[in-house]
Amino acid sequence: MTAFEFRPQLHSERIFLRLLEERDAPQVLALYRQNRQFLKQWEPFRPEDFFTLGSVAQMLKSCFEAAQYDQTYSFGIFLKPQPQHPQGELIGRINLNNLVRGIFQSANVGYFMDEKHNGRGYMAEAVRLIVGFAFRDIGLHRLAAGTLLHNYGSMRVLEKAGFRREGLARHYLKIDDKWQDHYLFAITVEEVEEGG
């Protein structure tokens, strides 16, 4: 752990993003459990022991430490505070993964939203926030993302945030325990500076 802990918070009109920490494990576990069947078709296979407090706490601890060393940034997506949720309700997760510096200055974006909050534009807001953070705050040059060929909602999210489709990757990721094709999307800092 570094002496100074980096804890960025990103805000839009309806949501905010902050790095997830070990203390968030109960909320994150509840989110995964509530969305277990919904996420099965979009995510890697999760063994039974993933859905435990200890497993989720360890994952969040590792992610928070990785952020301190500029390797991975794992944000919770929260609704702005309301009386019933004074700290904000956790409704999803968005990550910058596989961060590479040097001449590449790139990362992959991955995300998921609570099924009951899908279709309300929250994820498009979160992706726009993460693009701003990546380019403005930590100096990346390029972000990439992949979607399953039938994940039309995710494609719309990326397009709303200014990503363009670059191509098709055959047998790209092992999702729901099967190697599946993905469309690849990307955005660069120049495209954001030029207004898309």
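Biologist: Let's kick off with Asp-176: does it count as buried or exposed? What does its relative accessibility say?

Modeller: This is a predicted model, and the call for Asp-176 is a narrow one. The cut-off for buried is under 20% relative accessible area. Asp-176 has a relative accessibility of 19%, so by that cut-off it counts as buried.

Biologist: And where is Asp-176 found?

Modeller: Asp-176 has a positive phi of about 50 degrees, although it is not a glycine. Most residues other than glycine have a negative phi. As for its place in the chain, Asp-176 is found in the loop between E7 and strand E8 (178-188).

Biologist: Which loop holds Gln-105?

Modeller: Gln-105 is not a glycine either, and has a positive phi of about 50 degrees. Phe-104 is found in the loop between E4 and E5. Gln-105 is found there too, in the loop between strand E4 (90-100) and strand E5 (106-113).

Biologist: Staying with Phe-104, what is its relative accessible area?

Modeller: Start with where Phe-104 is: its C-alpha and that of Arg-165, 61 residues apart along the chain, are separated by 19 Å. Exposed would need over 50%, and buried under 20%. Phe-104 falls in between and so is partly exposed, with a relative accessible area of 44%.

Biologist: OK, on to Gly-167. Leaving aside its neighbours within four places in sequence, which residues is it in contact with?

Modeller: Gly-167 is found in strand E7 (residues 164-175). It is partly exposed, with a relative accessible area of 27%. Gly-167 and Gly-146 are 21 residues apart in sequence and 9.7 Å apart in space, C-alpha to C-alpha. With the sequence neighbours set aside, the contacts of Gly-167 are His-182, Tyr-183 and Leu-184.

Biologist: Now the inside. Which residues have the most contacts inside the largest nonpolar core?

Modeller: That core has 39 residues. Its largest share, 10 residues, comes from helix H4 (residues 122-137). A second, separate core of 19 residues includes Phe-16, Ala-25, Ala-57 and Phe-78. Back in the largest core, the residues with the most contacts are Leu-17, Leu-96, Leu-143 and Phe-163.

Biologist: Take Leu-143, then. What is it in contact with, leaving aside its neighbours within four places in sequence?

Modeller: Leu-143 is among the residues with the most contacts inside the largest nonpolar core. Its partners include Leu-96 and Phe-163. The rest of the list is Ala-107, Val-109, Ile-130, Val-131, Ala-134, Phe-135, Phe-185, Ala-186 and Ile-187.

Biologist: Zooming out, why is the protein chain called as compact as a globular protein of that length?

Modeller: The chain has six helices and eight strands, and reads β-β-α-α-α-β-β-β-α-β-α-β-β-α along the sequence. For 196 residues the globule rule gives 16 Å. The chain is as compact as a globular protein of that length because its radius of gyration is close to that value, at 16 Å.

Biologist: Among contacts between residues at least 6 apart in sequence, what percentage join residues at least 24 apart?

Modeller: For scale, the C-alpha trace spans about 40 × 40 × 35 Å along its principal axes. Buried residues make up 49% of the 196 residues. Of the contacts you describe, the share joining residues at least 24 apart is 63%.

Biologist: Last one, on charges: how far apart are the mean positions of the positive and negative charges of the protein chain?

Modeller: On the surface side, the accessible area comes to about 10300 Å², with 52% belonging to carbon and sulfur atoms. The chain has 24 positive and 24 negative charges. The distance between their mean positions is 3 Å.

Terms used: Residues are numbered from 1 along each chain as its sequence is written. This is a predicted model: local features need pLDDT of at least 70, side-chain atom pairs count only at pLDDT 80 or more; totals for chains, interfaces and linings use all residues. Side-chain values use heavy atoms; hydrogens and water are left out. A nonpolar core is a set of buried Ala, Val, Leu, Ile, Met, Phe, Trp, Tyr and Cys residues joined through side-chain atoms within 4.5 Å. Buried means under 20% relative accessible area, exposed over 50%, partly exposed in between (1.4 Å probe, protein chains only). Helices (H or I, at least four residues) and strands (E, at least two) are DSSP runs, numbered from the N terminus. Contact means heavy atoms within 4.5 Å. The radius of gyration is taken over C-alpha atoms; the globule rule is 2.2 Å times the number of residues to the power 0.38. Accessible areas come from the Shrake-Rupley method with a 1.4 Å probe; for residues, only the protein chains shown count as cover. Lys and Arg count as positive and Asp and Glu as negative; His and the chain ends are not counted. The place of a charge is taken as NZ of Lys, CZ of Arg, CG of Asp or CD of Glu.
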